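Reader: I've got a model open on my screen and a few things I'd like to talk through. Could you walk me around it?

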Amino acid sequence: MSTIDLHTDVAVERTTDGPALEPTTPDGPAMWRWERDLPGPVAELAQELAGGDWFELRVTSAVDQIAEAVTRGLIEIGVADGPARRALVDDVALLARTVAEAAARSHVLVRVEVNAAEMCPVFHQDANVMRLLCTYAGPGTEWLPEPSVDRSELGLQGRTPADANAAIASGPSRHSLPGEVLILTGSKFDERGVGAIHKSPSAELGSRLFVAIDPLDDDPGCRDGCC
């Protein structure tokens, strides 16, 4: 797998072939998006899990051991063995390698979760280097292109989440699609302290199965990947 270079000021449009980097404003964050179709067995299993009981699986591991660790976790929560589970594990391992290479790290924190809660209901940037997000089934992460962000309005500032979001979003937001991969840089990505702005989808949209993967180093930063 080739290394993904995110160390530049870029906005990334969707591509079905891999990362396609295009210039953006000098003060904008780096972001990578990969639109893809999930294999049929993975999509079917994801729909089944998203419609079932809520769960959260957390795995911290070396990248080359993620598949084994995620497999153990899925066994513990009762996901039956079969081609679909193995394909899901292989995909999570692929995404873990992708973001680890992008961040030049050897260990990652992987969260596989089913929920319908708005854990991060307000548009924000993460206090980390970068995070990979992929929704396998259900509503996807909501994010703002840089021209649609008023950074002076970030934070609740004594407002309700709805009022804060209305002030932060100076233009339309976007939602990731099932299977689509987002790598969002955080405030610790470089010296500018500028991260991609995003939030959890509305709980009214229903449950979802998603994975959040953080490259790890000596500074834990924001590890409560919630979006």
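Reader: Where is the place of Ala-104?
Author: Keep in mind that this is a predicted model. Ala-104 isn't part of a helix or a strand here; its place is in the loop between α3 and β5.

Reader: Is Ala-104 buried or exposed?
Author: Exposed takes over 50% relative accessible area. Ala-104 comes out at 66%, so it counts as exposed. Its backbone also has a positive value of phi, in a residue other than glycine. That phi is near 55°.

Reader: Which loop holds Gln-157, and what is its phi?
Author: Gln-157 lies in the loop between β7 and α4. With 48% relative accessibility, Gln-157 counts as partly exposed. Though it is not a glycine, Gln-157 has a positive phi, about 50°.

Reader: Ser-148 is in the loop between β7 and α4. Is Ser-148 buried or exposed?
Author: The cut-off for buried is under 20% relative accessible area. Ser-148 has just 9%, so it is buried.

Reader: What does the side chain of Ser-148 reach?
Author: Leaving out residues up to four places away in sequence, Ser-148 touches Ile-168, Ala-169, Ser-170, Gly-171 and Pro-172. One of these, Pro-172, also offers a backbone oxygen, and the side chain of Ser-148 reaches it at 3.5 Å. The group reached is the backbone oxygen of Pro-172.

Reader: And Ser-152, what does its side chain join in a polar contact?
Author: Ser-152 is found in the loop between β7 (142-144) and α4 (161-168). With a relative accessible area of 56%, Ser-152 is exposed. Its side chain has a polar contact of 2.6 Å with another side chain, that of Asp-150.

Reader: How far apart in space are Ser-152 and Ile-168?
Author: In sequence, 16 residues separate Ser-152 and Ile-168. C-alpha to C-alpha, the distance in space is 7.8 Å.

Reader: Why can I say the buried residues of α4 line one face of the helix?
Author: The buried residues in α4 are Ala-164, Asn-165 and Ile-168. Looking down the axis of α4, they fall within an arc of 100°, so they line one face. Turned away from that buried side is a face with the exposed residues Ala-162 and Ala-166. The number that settles it is the arc, 100°.

Reader: Which strands do the buried residues of α4 pack against?
Author: Ile-168 is one of the buried residues of α4. As for their partners, the buried residues of α4 pack against β7 and β10.

Reader: Which strands stand at the edges of the open sheet of three strands?
Author: The order in this open sheet is β8-β7-β10, and the pairing is antiparallel. Two of the strands have a single partner each, so one side of each is left without a neighbour in the sheet. Those edge strands are β8 (174-175) and β10 (197-199).

Reader: What is the bridge partner of Trp-143 in β10?
Author: β7 and β10 run antiparallel and pair over three bridges. On the β10 side, Trp-143 is matched with His-198.

Reader: Over in α1, what arc do the buried residues cover?
Author: Helix α1 (residues 40-50) has Val-42, Leu-45, Ala-46, Leu-49 and Ala-50 buried. An α-helix has 3.6 residues a turn, so residues three or four places apart point the same way. The exposed residues Glu-44, Gln-47 and Glu-48 are carried on the face turned away from the buried side of α1. The buried set sits on the same side of α1 because it covers an arc of only 130°.

Reader: Which residue in β9 does Met-31 stand opposite?
Author: Strand β3 (residues 31-34) is covered on both faces, with Met-31 and Arg-33 buried on one side and Trp-32 and Trp-34 buried on the other. β3 pairs with strand β9 (residues 181-185) in the antiparallel sense over four bridges. In that pairing, Met-31 stands opposite Leu-184.

Reader: Last one: how far is Arg-208 from the ring centre of Phe-210?
Author: A charge can sit over a ring here, as with the charged end of Lys-199, 5.8 Å from the centre of the ring of Phe-123. Arg-208 lies over the face of Phe-210, and its distance from the ring centre is 4.1 Å.

Terms used. Residues numbered from 1 in each chain as written. Predicted model: local features only at pLDDT ≥ 70, side-chain atom pairs only at ≥ 80, totals over all residues. Heavy atoms only, no water. Buried < 20%, exposed > 50% of the residue type's maximum accessible area, 1.4 Å probe, protein only. Polar contact = N/O pair within 3.5 Å; in protein donor to acceptor, adjacent residues only side chain to side chain. Pairing = 2+ DSSP bridges. Arc of directions from axis to C-beta. Lys NZ or Arg CZ within 6 Å of the ring centre and 35° of its normal. Contact = heavy atoms within 4.5 Å.
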